Amino acid sequence: MMDWDCLLSEKRFADLLGREKPKDRPLGPAFAQGQFRLPQERDHDRILFSTPFRRMGDKTQVFPLESIESIRTRLTHSYEVANLARSLGLEIAHTLAEKLPKDASRSIPATLAAVGLAHDIGNPPFGHQGEFAIRAWFKRNEDVLFGPPNDTELSAEASDVKRLTKQHKLDFLLFEGNAQTLRVLTKLQVIGDDLGLNLSVGTLASLMKYVAASDATNENVQARKKVGYFASEKDVVDRIRIVTQLRDDARHPLALIMEACDDIAYSVLDAEDAIKKGLVSLNDLLAALEYHPEGEEKLDGVTKHLCEITHWELDTLRKQKLHPNELQDVATQKFRVHAIHLMVSAVAEAFRNNYDAILSGAFQGELIKESAASSLCRALKKFDRENAFSHKSVLEVELNGFNVINRLMDFLWIGISQRVDYEELSSDRKTPFAAYVYSRISKNYRRMFEGKVRQYHSDPGLPIRYKEMQLLTDMISGMTDGFCIDLHQDLEQHYRAMRKVDGTRA
């Protein structure tokens, strides 16, 4: 059985890597030296105040570049997942109090709130289309990136590229926002070193929805369905799992809860946003939930109750003679409240029912699918897919975002790869355009790429080509939707001007 003391380890990653606190650090006044927050609560606050977290305010959840301010972004979605996860954590901490550590009523909700905030922090602009665009770019350029250069097979570049392993290549061909999130939190959020936000080990373990390297994914195993970490963070993951004593395909119990809360949030709230945008109505949603063609399973009790209580809410509100738009808006909010309550309660019950299997590492499923709200969640996702994700207005903007990211990656690759000295990462660029492009890449990312930050992580000995490609994905993933478009326009303008001057490719 898993040990909660290990699962909720308060050790900071810096401690695992042997960072010593400076002895000459000035002490503040006595009243400022106390610390009354738990480490997990401090993790929550570090994430909340971080720059990558704030950037999610201009990153797509479902509807890209949305002008309606009440429509959700990655930021509001993350706040909502954190809220649901914290609430679920409180219920579990109280109902299973005899099986949990004495401070679980604080540490578990705090951990879940922290990972709820952070779970999408590594996702690129334009939602999942951003991930697809990154993978497509590497697939389109794999012969150039992974094959020998045209000049000579005896060059330093040729020797370096030959060192790329299958995992190195798949890290980019199967690029995954979840793995990028772990990288951002443990390394990229630079504050004077390469320790990222230096979160506690228990929080980092709870963040990992997937545990597989890119060359070990398995669609039939939930824990390995997607890439959980990149080759660059293998040592990070090994240390996390040693301290928390997680073995094989076992996922942290709180990762299961966070995963369920993410499902609840986007299945319910994406439908609410589709209604707010006028793509569908609440009546359309209720009709979809209530409709079961001949031969399909009958309406389950949870979905039936949700539809009944929503109809009751509508009838009650109609008596107030509200304007039709207001009626739909208020009734939709009532639907959301009831749906979330039912689904959170169902997941809490599923966690309690499967507690022994979860703590033994034998549980290989998803809590939402094992809960009484499974059919409801499945029906909501189907409704979202057919009426929100596939709407022409959404697809058109996503297509534009896909194309912008692909062209922008072309430009950024020029700035990253066109160096005078292949082995000297900070060497001069070969053209003015390449130099300008490289200057537009975040200084933090460039310093990490060039090895100019104080390093505590052990050097994994990655090929230079891998580091080049990772700088590219670090930069793209850190962008907001708006910055991505603006940078593309800026680089496109300079690229065209340069070609006009010399009549050649930059």
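Helices here are DSSP runs of H or I with at least four residues, numbered from the N terminus. The model under view is predicted.

**First stop: helix α19**

Select Lys382 and Glu386, which both lie in helix α19 (residues 374–389), four residues apart, about one turn of the helix. Their side chains meet in a salt bridge, at 3.0 Å from N to O. Lys382 is partly exposed, with 43% relative accessibility, and Glu386 is likewise classed as partly exposed, at 46%. A further group to select consists of Arg140, Arg407, Asp410, Glu492 and Arg496, which are joined into one network by salt bridges that share partners.

**Second stop: salt bridges from helix α5**

The whole structure contains 30 salt bridges. Select Arg74 and Asp120 next: this pair forms a salt bridge whose closest N and O atoms are 2.7 Å apart. Arg74 is in helix α5 (residues 74–95), while Asp120 is in the loop between α6 (104–118) and α7, so that the pair links distant parts of the chain, 46 residues apart. Both Arg74 and Asp120 are buried.

Then move along to Glu91, also placed in helix α5, and to Arg352 in helix α17 (residues 324–353); these two are 261 residues apart. A salt bridge of 3.3 Å, N to O, brings their side chains together. Arg352 counts as partly exposed at 29% relative accessibility, and Glu91 is partly exposed with a relative accessible area of 26%.

**Third stop: aromatic rings**

The structure holds 10 aromatic pairs. Select Phe138 and Phe172, whose rings form a tilted pair, 5.1 Å centre to centre with 40° between the planes. Phe138 lies in helix α7 (residues 127–140) and Phe172 in helix α10 (residues 166–173), so the pair ties together parts that are 34 residues apart in sequence. Both of these residues, Phe138 and Phe172, are buried.

Extend the selection to Trp137, Trp413 and Tyr466: together with Phe138 and Phe172 they form one aromatic cluster.

Phe411 and Phe433 offer an edge-to-face pair, 5.9 Å centre to centre and with 75° between the planes. Because Phe411 lies in helix α20 (residues 392–417) and Phe433 in helix α21 (residues 432–439), this pair ties together parts that are 22 residues apart in sequence. Phe411 is buried, at 1% relative accessible area, and Phe433 is buried at 3%.

Now display the ring of Tyr438. The charged end of Arg429 sits over this ring, 3.7 Å from its centre. The charged end of Arg446 also sits over the ring of Tyr438, 5.5 Å from its centre.

**Fourth stop: three buried residues and their contacts**

Asn406 is found in helix α20. It is buried, with a relative accessible area of 8%. Setting aside residues up to four places away in sequence, Asn406 touches Ala133, Ala136, Trp137 and Arg140.

In helix α14 (residues 253–276), select Ile275. Ile275 counts as buried, at 6% relative accessibility. Beyond residues up to four places away in sequence, the contacts of Ile275 include Val280, Leu285, Gln328 and Thr332. Add Ala388 to the view: Ile275 and Ala388 are 113 residues apart in sequence and 9.1 Å apart in space, C-alpha to C-alpha.

Finally, select Asp263, also placed in helix α14. Is Asp263 buried or exposed? Asp263 counts as buried, at 6% relative accessibility. Leaving out residues up to four places away in sequence, Asp263 touches Glu366, Ile368, Cys377 and Lys381.

Terms used:
Residues are numbered from 1 along each chain as its sequence is written. This is a predicted model: local features need pLDDT of at least 70, side-chain atom pairs count only at pLDDT 80 or more; totals for chains, interfaces and linings use all residues. Side-chain values use heavy atoms; hydrogens and water are left out. Rings of Phe, Tyr and Trp (its six-membered ring) pair if their centres lie within 6.5 Å; planes under 30 degrees apart count as stacked, over 60 as edge-to-face and the rest as tilted. Buried means under 20% relative accessible area, exposed over 50%, partly exposed in between (1.4 Å probe, protein chains only). A charge sits over a ring if NZ of Lys or CZ of Arg is within 6 Å of the ring centre and within 35 degrees of the ring normal. Contact means heavy atoms within 4.5 Å. A salt bridge is a side-chain nitrogen of Lys or Arg within 4 Å of a carboxyl oxygen of Asp or Glu.
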